[in-house]
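Me: Could you take a close look at the empty space in this model for me, and then work outwards to the loops and backbone details that a modeller ought to know about?

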Amino acid sequence: MSSDLHMHTTYSDGRLTPEELVDAAKAAGLTYMAITDHDTVEGISHLYEMGRYPCKAIHIIPGIEFSAHHPLREIHILGYNIDIYYGPLVDKLNDVTEARWTRFAEMLEKLRQLGYNISEAEVLSVAGGSKAISRSHVGRVMVKKGYFPSVREAFDALLAKGKPAYVPHYRLEVSEIISLIKAAGGTPVLAHPKLIGDDALVEQICQSGIEGLEVFYPRHDADDTAHYLDMADRYGLLVAGGSDFHGFPTRYPQEVGAFTIEDKWAEKFYRPVQKL
């Protein structure tokens, strides 16, 4: 059997609603799945309030993916088994959401000055119910309007850090995220370490209170996987992995179940659901 501990829904920048994602995971035969939307837990709370979480047919792990502050590198930290109604977590996520809206407006203004006619309404239409408006939503509108053939190319030209339309946004410090996840009863895990592009920094984070490392990831080749598996062992960290599924045709994997990990890794993150 197989599992996936890194998946996104329409509550951040995924294509599938939480219900659709759970149904797709069940259809793919997954044993464990984690919903890890960017800077929000509203996908999980939606399932709970609709009576879809917990689910008898599949073990759902409530999660989140935080973007951490760093002057040079993109650092993401996953949190598993968090209490989605923990007050300080909810308050901090509200702060992050508010900052995202400010950043969104500034980014569109930069694009207009560069000659790209992108309206707030167009981006909000693409984002659907998501409150975590992101660069990916902007990129998708740019592709839809024919400015770029793919979201990745829009990022490379305009939206990535250091590019003309990039606007930095409010991010918590690594230590703050780790402490917040633990305070919410969760397990903090460093996401896709290869993408950080600095193994010295990865090792520093491994020694800073993080409890797991995302070893298995679509953009990690066999050598990368072996390297980070060894690193997790050296620092006594839990081994995690997942597809980073978003569900768009231009981004692998395009289908739930195309990239999975063995259940023996995922089961270490699962806890039976307590009353929320």
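Reply: What follows begins with the pocket and the enclosed space, and then moves on to a helix, several loops and the backbone.

The model is a predicted one, and the values below are computed from it. Rolling a probe the size of a water molecule over the atoms shows where empty space is left. The largest pocket found has a volume of about 1300 Å³. It is lined by 36 residues, and those closest to its centre are S136, R152, F155, R219 and R251. Four elements give two or more residues each to this lining, namely β3 (59–68), α3 (87–113), α5 (135–144) and α6 (151–159). Among the contributors, α5 supplies the largest share, with 5 residues. Sorted by class, the lining of the largest pocket holds 15 charged, 11 polar and 10 nonpolar residues.

Besides the open pocket, there is enclosed space to consider. A search of the whole structure turns up 1 cavity of 30 Å³ or more, and the largest cavity has a volume of about 30 Å³. The residues around the largest cavity are R100, R103, F104, M107, I133, S134, R135 and V138, and the elements giving two or more residues to that lining are α3 and α5. Here the largest share comes from α3, which contributes 4 residues, and by class the lining of the largest cavity divides into 4 nonpolar, 1 polar and 3 charged. Both α3 and α5 are thus named for the pocket and again for the cavity.

The elements β3 and α3 also appear in the surroundings of helix α7, which spans residues 174–183 and in which V174, I177, I178, L180 and I181 are buried. These five residues lie on the same side of α7 because they cover an arc of only 165° around the axis. What covers the buried residues of α7 includes β3 and α3, together with β4 (75–80), β5 (187–190) and α9 (199–206). After α7 comes G185, a residue with a positive phi near 80°.

Two neighbouring residues in one loop deserve attention next. T40 sits in the loop between β2 (30–35) and α2 (42–49), and D39 belongs to the loop between β2 and α2 as well. T40 counts as buried because its relative accessibility is 9%, and a polar atom of its side chain lies 3.2 Å from the backbone nitrogen of E42. If neighbours within four places in sequence are left aside, the contacts of T40 are with Y11, S12, G63, I64 and L93. D39, at 4% relative accessibility, likewise counts as buried, because the cut-off for that is under 20%. Its backbone is also worth checking, since D39 is not a glycine and yet has a positive phi of about 55°.

D39 is one of several backbone details to set against a general background. Most residues other than glycine have a negative phi, and most peptide bonds are trans. D244, again a residue other than glycine, has a positive phi near 55°. Its place is in the loop between β7 (238–241) and β8 (261–262), where D244 counts as buried at 6% relative accessibility. The loop between β7 and β8 also holds P253, and the peptide bond that leads from Y252 to P253 is cis, with omega near -5°. A further cis peptide bond joins Y53 and P54, with omega about 5°, and P54 is found in the loop between α2 and β3.

The last site to look at is Q207, which lies in the loop between α9 and β6 (212–216). Q207 counts as exposed because its relative accessible area is 56%, where the cut-off is over 50%. The side chain of Q207 nevertheless makes a polar contact, at 3.5 Å, with the side chain of Y235. In addition, the C-alpha atoms of Q207 and L237 are separated by 9.7 Å, and these two residues are 30 residues apart along the chain. The α9 that precedes this loop is one of the elements mentioned above as covering the buried residues of α7.

How values were computed. Residues numbered from 1 in each chain as written. Predicted model: local features only at pLDDT ≥ 70, side-chain atom pairs only at ≥ 80, totals over all residues. Heavy atoms only, no water. 1 Å grid on protein atoms, 1.4 Å probe; cavity = no way out; pocket = protein on both sides within 12 Å on 5 of 7 lines; lining within 4 Å. Points joined across faces, edges and corners; volume = space filled by probe spheres on them. Nonpolar A, V, L, I, M, F, W, Y, C, P; charged D, E, K, R; others polar. Buried < 20%, exposed > 50% of the residue type's maximum accessible area, 1.4 Å probe, protein only. Arc of directions from axis to C-beta. Contact = heavy atoms within 4.5 Å. Polar contact = N/O pair within 3.5 Å; in protein donor to acceptor, adjacent residues only side chain to side chain.
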